[in-house]
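Visitor: Hi, I am new to this one and would like to be walked through it. Could you bring it up so that we can talk about it?
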Amino acid sequence: MSDMTSLTPSPTRSSKRALYYVQSPSRDSYTSVTQPSPMGSPTHDSSSLGRHSRNSSASRFSGISRSSSSDKKNIKKCRSNEKEYESILEEGSYDEMEEDVTSMKRCRALLAVFTFVIIFTVCCLITWGASRPYKAKISVKTFELRNFYVGEGSDFSGMHTKLLTLNGTLRIGIYNPAPTFGIYVSSTPINLFFYQLPIATGQLDEHYQHKKSLNTVAVVIEGRRIPLYGAGASLEATERGGKIPVNTRFEVRTRGDVVGRLVSIWHTKRISCSFVIDVAVNRRVLIDKSDCSYS
């Protein structure tokens, strides 16, 4: 009896050594699992179960925390992207505003320049129109013969003919009636004709004449060894005493700078005068206004 009692295991040791047995049957058999009673279940299984549950809960918690942290990071990224987009939009709007301001300034500058040009042009036209009636008054006053000689000779080709040498002074009066500006006076060559034959020529020197001024200009009229051809006989006869009908034709040009060279007044006067030279007297010949035409 004592041996039986000694061989019988104690309930505590059997409970400690109780295990799960899983039998793997063949394909046609069924699986049988032998589980101990609830009282005989080992303590370390419950602890392992508790650890598993804690591990699973911890993994679930860590998964949740990781997902939440990733969501927070995504939210932060979205917010930063939104801020960057807003800043880009603000910069774009500022650039557009600056472009609008720049274009407005350019338009205003162009409008100011255009307005100034129009006003200045109108003022120049008004000044030009107001200054236009002030034309220089030209009058041929006298002609004085100094030298007159007809002799034998030949022309440039060697043809024998009569040659004329003449020297005289033509005085021209010029009056500038403009009250605000002076004028520049010049002329075309002043030719002296015996009928249609040019026997002498001269040139009015260009000069400046002040406003509201009267000036008398002396122009030297000269001809040296002028071939007379068919007219030589008549002029030779008058050399010893007689009168020679002559006429002069030329143009006088005036330019008045009203507003610098921007506004200038141009006038041209054509003059033609006929008078008679007394070769024997050699005195100054007065030229009447009725003997001249001004156009």
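Visitor: Let me start with a single residue: where is the place of Y195?
Guide: Y195 sits in the loop between β6 and β7, where strands such as these are DSSP runs of E with at least two residues, helices are runs of H or I with at least four residues, and both are numbered from the N terminus. Before going further, please note that this is a predicted model, in which local features need pLDDT of at least 70, side-chain atom pairs count only at pLDDT 80 or more, and totals for chains, interfaces and linings use all residues. Residues are numbered from 1 along each chain as its sequence is written, and side-chain values use heavy atoms, with hydrogens and water left out.

Visitor: Okay, and what is the phi of Y195?
Guide: The phi of Y195 is near 60 degrees, which is a positive value in a residue other than glycine. Y195 belongs to the hairpin of β6 and β7, which has two residues between the strands.

Visitor: Is Y195 buried or exposed?
Guide: Y195 is exposed, because its relative accessible area is 53%; the terms here are buried for under 20% relative accessible area, exposed for over 50% and partly exposed in between, with a 1.4 Å probe and protein chains only.

Visitor: Which other loop residue has a positive phi, say between β8 and β9?
Guide: That would be K212, in the loop between β8 (207-209) and β9 (213-227), with a positive phi of about 50 degrees although K212 is not a glycine. K212 counts as exposed because its relative accessible area is 54%.

Visitor: Back to the hairpin, then. How many bridges join β6 to β7?
Guide: Five bridges join β6 (residues 190-194) to β7 (residues 197-202), and the two strands run antiparallel; strands are said to pair if DSSP finds at least two bridges between them. Within this pairing, I190 has G202 of β7 as its bridge partner, while L192 stands opposite A200.

Visitor: And how does β6 pair with β10?
Guide: β6 and β10 pair in the antiparallel sense over three bridges, and F193 stands opposite N247 of β10.

Visitor: Why is β6 described as largely enclosed?
Guide: β6 is largely enclosed by the rest of the structure because four of its five residues are buried. F194, which lies in β6, counts as buried because its relative accessibility is 8%.

Visitor: What does F194 touch, leaving out its neighbours in sequence?
Guide: Not counting residues up to four places away in sequence, F194 touches I199, A231, S234, L235, I244 and P245, where a contact means heavy atoms within 4.5 Å. As for A231, it is 37 residues from F194 in sequence, and the two are 8.8 Å apart in space, C-alpha to C-alpha.

Visitor: You mentioned N247; what polar contact does its side chain make?
Guide: The side chains of N247 and R249 are joined by a polar contact of 2.9 Å, a term for a pair of N or O atoms within 3.5 Å in which, within protein, one must be able to donate a hydrogen and the other to accept it, and residues adjacent in sequence count only if both atoms are side-chain atoms. N247 counts as buried because its relative accessibility is 14%, and the residues it touches beyond four places in sequence include N191, Y195 and C273.

Visitor: Changing topic, where is T161, and is it buried or exposed?
Guide: T161 is found in strand β4 (residues 160-176), and T161 counts as buried because its relative accessibility is 7%. A polar atom of the T161 side chain lies 3.0 Å from the backbone nitrogen of Y229, and Y229 is one of the residues that T161 touches, with G151, D155 and P227 also among them.

Visitor: Last thing, how does the whole chain add up?
Guide: The secondary structure of the chain comes to four helices and 13 strands, and 28% of the 295 residues count as buried. Of the contacts in the chain with a separation of 6 or more, 68% are between residues 24 or more positions apart.
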